[in-house]
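Biologist: Please walk me through this model. I will ask, and you give the reasoning before the result.

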Amino acid sequence: MQNLFKIEGEEDFLEGLRLINSNEQWSVRRAFGYFCLAADKGHTEAIFQVGYWSLFCPSQILQNSSRAFECFKISAESGLLIAKCYLAECYFMGIGVQKDEKVAVELLEDSFKLGCSRAAYLLAHIYQYGFGSIEANLDKAKEYNNYARQANLPIAEIQYISLIMQRTS
């Protein structure tokens, strides 16, 4: 019987994950190779991993912010929610693309509406301090932080304390 749920590149992707989580020497470089193989076959999560490791690379992988942006864009367009958050960060920081805070906020708000708790945390941070053309708005920051805390993001608790302290000063 044929497996109807087989995803092209899945075996390479899983081997990459196994290596990332192993204690083998040079495992990150080898894992990256497997992620690239799976990405070439159109595996969405592998495309994201190639982008992630291209941006936040250890010493074993050459950093490539243009490749990271393209990978985040492809995997976000394919529906990978976390990729949309990283794509937004690229737009905020001008990583591999021209800086555009408004596009970044739109991407994060879309991700938030789809249930991404990381987007809630990032939006809370943006509205807490303001960022580029985005003005600070403590009420919005608190609202987004509430969602991030409900999702049990540990960093959101620290953010909440910071929001309280900011309101009293």
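What follows is a set of questions and answers on this predicted model.

Biologist: How many helices and strands does the chain have?
Modeller: From the N terminus on, the elements run α-α-α-α-α-α-α-α-α. The tally is nine helices and zero strands.

Biologist: What share of the chain's residues counts as buried?
Modeller: The C-alpha trace spans about 60 × 35 × 30 Å along its principal axes. The accessible surface comes to about 9900 Å², and 52% of that belongs to carbon and sulfur atoms. Buried means under 20% relative accessible area. Of the 169 residues, the buried share is 39%.

Biologist: How much of the chain's contacts with a separation of 6 or more comes from residues 24 or more positions apart?
Modeller: A contact needs heavy atoms within 4.5 Å. Among contacts with a separation of 6 or more, residues 24 or more positions apart account for 46%.

Biologist: Is Ser111 buried or exposed?
Modeller: Ser111 sits in helix H6, residues 101-113. Leaving aside neighbours within four places in sequence, Ser111 contacts Leu81, Lys84, Cys85, Cys116 and Ala119. Its relative accessibility is 0%, so Ser111 counts as buried.

Biologist: What distance does H6 reach from its first C-alpha to its last?
Modeller: H6 has 13 residues. At 1.5 Å a residue, the expected value is 18 Å, and the model comes close to that. From first C-alpha to last, H6 reaches 18 Å.

Biologist: How wide an arc do the buried residues of H6 cover around the axis?
Modeller: The buried residues of H6 are Glu101, Ala104, Val105, Leu107, Leu108, Ser111 and Phe112. They lie on the same side of H6, because their arc around the axis is only 160 degrees. An α-helix has 3.6 residues a turn, so residues three or four places apart point the same way. For the buried residues of H6, the arc is 160 degrees.

Biologist: Which exposed residues does the other face of H6 carry, the one turned away from its buried side?
Modeller: The buried residues of H6 pack against helix H5 (81-93), helix H7 (117-129) and helix H8 (138-150). The face turned away from that buried side carries the exposed residues Lys102 and Lys113.

Biologist: At the start of H6, which residue has a side-chain oxygen that reaches the backbone nitrogen of Lys102?
Modeller: The oxygen comes to within 3.2 Å of that nitrogen. A polar contact needs N or O atoms within 3.5 Å. The residue with the side-chain oxygen is Asp100.

Biologist: Which residue forms an aromatic pair with Phe112?
Modeller: The structure holds 14 aromatic pairs. In the pair with Phe112, the centres are 5.0 Å apart and the planes make 85 degrees, which is edge-to-face. Phe112 lies in H6 and its partner in H8, so the pair ties together parts 32 residues apart in sequence. The partner is Tyr144.

Biologist: Is Tyr144 buried or exposed?
Modeller: The cut-off for buried is under 20% relative accessible area. Tyr144 has 10%, so Tyr144 is buried.

Biologist: What covers the buried residues of H5?
Modeller: In H5, the buried residues are Ala83, Lys84, Cys85, Tyr86, Leu87, Ala88, Cys90, Tyr91 and Phe92. Tyr86 also belongs to an aromatic cluster with Phe48, Tyr52, Trp53, Phe56 and Phe72. The cover of the buried residues includes helix H3 (44-55), helix H4 (65-77), H6 and H7.

Biologist: With which side chain does the side chain of Gln128 make a polar contact?
Modeller: Gln128 is in helix H7. At 2% relative accessibility, Gln128 counts as buried. Beyond four places in sequence, its contacts include Ala136, Leu138, Ala141 and Gln159. The polar contact, at 2.8 Å, is with the side chain of Ser162.

Biologist: Which residue other than glycine has a positive phi near 65 degrees?
Modeller: Two glycines also have positive phi: Gly94 just after H5, at about 70 degrees, and Gly115 after H6, near 105 degrees. The residue in question lies in the loop between H8 and helix H9 (154-168). At 64% relative accessibility, this residue counts as exposed. The residue is Asn152.

Methods: Residues are numbered from 1 along each chain as its sequence is written. This is a predicted model: local features need pLDDT of at least 70, side-chain atom pairs count only at pLDDT 80 or more; totals for chains, interfaces and linings use all residues. Side-chain values use heavy atoms; hydrogens and water are left out. Helices (H or I, at least four residues) and strands (E, at least two) are DSSP runs, numbered from the N terminus. Buried means under 20% relative accessible area, exposed over 50%, partly exposed in between (1.4 Å probe, protein chains only). The expected span of a helix is 1.5 Å times one less than its number of residues. The arc is that of the directions from the helix axis to the C-beta atoms. A polar contact is a pair of N or O atoms within 3.5 Å; within protein, one must be able to donate a hydrogen and the other to accept it, and residues adjacent in sequence count only if both atoms are side-chain atoms. Accessible areas come from the Shrake-Rupley method with a 1.4 Å probe; for residues, only the protein chains shown count as cover. Rings of Phe, Tyr and Trp (its six-membered ring) pair if their centres lie within 6.5 Å; planes under 30 degrees apart count as stacked, over 60 as edge-to-face and the rest as tilted.
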